[in-house]
Amino acid sequence: MNEKTLMALAKSISWFCTPFAVPTLGFALLFLLSYLRLLPWSYKILVVLAVFCFTYLMPRMTIYLYRKMNGWTLREFGAKEKRVVPYILTIISYAFCLTLLERFNVPRYMSGIVVASLLALVLCAFINIWWKISAHMVSIGGAVGLLMCFGELFAFNPVWWLCLGFILSGILGTSRITLRIHTLGQVLGGFFLGIFCSFIGILYYTI
């Protein structure tokens with residue numbers, strides 16, 4: 001595989017594994033794979049749509065518009081000093097989503113998914129002042145942490161899902177390093193921060 005093909009593959013993996021997808025994916029899996037699948041479809045669709053709008057669609061749109069207004073390319077936009085406003089915009093959107101879920105009276109272990117994501121965003125924004133941690137790896141680390149937490153809460157063995165999660169994490173981390181966007185330390189730091197935030201957001205918030 002030549003370098004051009006390798007870089008294109010790495011970009012595709014990074015795009016597909018966007019950090020904004022984790023909350024929506026978490027809610028969708030809960031509604032499909034747990035006893036929550038017994039809930040009315042109208043309620044499930046409403047909740048997933050609300051999460052999708054405020055944790056995926058709204059942040060991506062506002063960040064895209066902010067980048068275009070400043071005339072930055074994607075590579076220029078990757079500089080840590082240019083990530084401050086995107087972090088703030090995303091934190092506001094996630095906070096609004098959490099407020100909305102509280103109005104829907106969703107169980108705390110469900111809204112804990114957004115709490116974990118919000119905590120990860122705040123920590124990433126703080127760390128970003130000094131160090132460019134990988135937000136992509138924070139998100140996939142958070143997804144792995146969610147599997148561990150829900151395995152504990154619902155008393156099921158997620159070992160095969162965890163194997164898949166670790167494999168995907170390795171692929172994503174490799175792609176971020178291949179693109180020269182992050183170092184190995186930034187990738188590993190992001191992954192373990194994501195797991196930590198999931199444990200705090202799900203287990204602590206639920207209890």
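Reader: Where is the place of A155?

Author: Happy to start there, with the reminder that this is a predicted model. A155 has a relative accessible area of 71%, so it is exposed. Its C-alpha atom is separated by 26 Å from that of L98, a residue 57 positions away along the chain. As for its place, A155 sits in the loop between α7 and α8.

Reader: Thanks! How many helices and strands does the secondary structure of the protein chain come to?

Author: Let's walk along the chain from the N terminus. The elements run α-α-α-α-α-α-α-α-α. The secondary structure therefore comes to 9 helices and 0 strands.

Reader: How does the radius of gyration of the protein chain compare with what the globule rule gives for 207 residues?

Author: Good thing to check. Along its principal axes, the C-alpha trace spans about 50 × 35 × 30 Å. For 207 residues the globule rule gives 17 Å, and the chain comes close to that, so it is as compact as a globular protein of that length. The radius of gyration itself is 17 Å.

Reader: Among contacts between residues at least 6 apart in sequence, what percentage join residues at least 24 apart?

Author: Some context on the chain may help here. Of its 207 residues, 44% count as buried. The accessible surface comes to about 11400 Å², and carbon and sulfur atoms hold 74% of that. For contacts between residues at least 6 apart in sequence, the share joining residues at least 24 apart is 77%.

Reader: Now to the second largest pocket: which element gives the most to its lining?

Author: This pocket has a volume of about 820 Å³. Two or more lining residues come from each of α2 (22–33), α3 (41–70), α7 (135–153) and α8 (159–178). With 8 residues, the element that gives the most is α7.

Reader: And how do the residues of that lining divide into nonpolar, polar and charged?

Author: The lining of the second largest pocket is made up of 29 residues. Those nearest the pocket centre are L25, G26, L29, A143 and L147. By class, the lining divides into 22 nonpolar, 7 polar and no charged.

Reader: Is R83 buried or exposed?

Author: R83 is found in the loop between α4 (74–77) and α5 (84–103). I63 is 20 residues from R83 in sequence, and their C-alpha atoms are 9.5 Å apart in space. The relative accessibility of R83 is 14%, and the cut-off is under 20%, so R83 counts as buried.

Reader: What is the phi of N105?

Author: A nice one to look at in the model. Most residues other than glycine have a negative phi. N105 lies in the loop between α5 and α6 (108–127), and at 65% relative accessibility it counts as exposed. Although N105 is not a glycine, its phi is positive, at about 60°.

Reader: Which loop holds R180, a residue other than glycine with a positive phi?

Author: The phi of R180 is near 60°. At 59% relative accessibility, R180 is over the 50% cut-off and so counts as exposed. The loop that holds R180 is the one between α8 and α9 (184–206).

Reader: How far apart are the C-alpha atoms of L9 and T178?

Author: L9 belongs to helix α1 (residues 3–16). Its relative accessible area is 41%, between the cut-offs of 20% and 50%, so L9 is partly exposed. L9 and T178 are 169 residues apart along the chain, and their C-alpha atoms are separated by 9.8 Å.

Reader: One last pair: what is the C-alpha to C-alpha separation of L57 and L184?

Author: Glad to finish with that. L57 is part of helix α3, and with a relative accessible area of 35% it is partly exposed. In sequence, L57 and L184 are 127 residues apart. In space, C-alpha to C-alpha, they are separated by 29 Å.

Methods
Residues numbered from 1 in each chain as written. Predicted model: local features only at pLDDT ≥ 70, side-chain atom pairs only at ≥ 80, totals over all residues. Heavy atoms only, no water. Helix = DSSP H or I, 4+ residues; strand = E, 2+ residues; numbered from the N terminus. Buried < 20%, exposed > 50% of the residue type's maximum accessible area, 1.4 Å probe, protein only. 1 Å grid on protein atoms, 1.4 Å probe; cavity = no way out; pocket = protein on both sides within 12 Å on 5 of 7 lines; lining within 4 Å. Points joined across faces, edges and corners; volume = space filled by probe spheres on them. Nonpolar A, V, L, I, M, F, W, Y, C, P; charged D, E, K, R; others polar. Rg over C-alpha atoms; globule rule 2.2 N^0.38 Å. Contact = heavy atoms within 4.5 Å. Areas by Shrake-Rupley, 256 points an atom, 1.4 Å probe, with all protein chains shown as cover.
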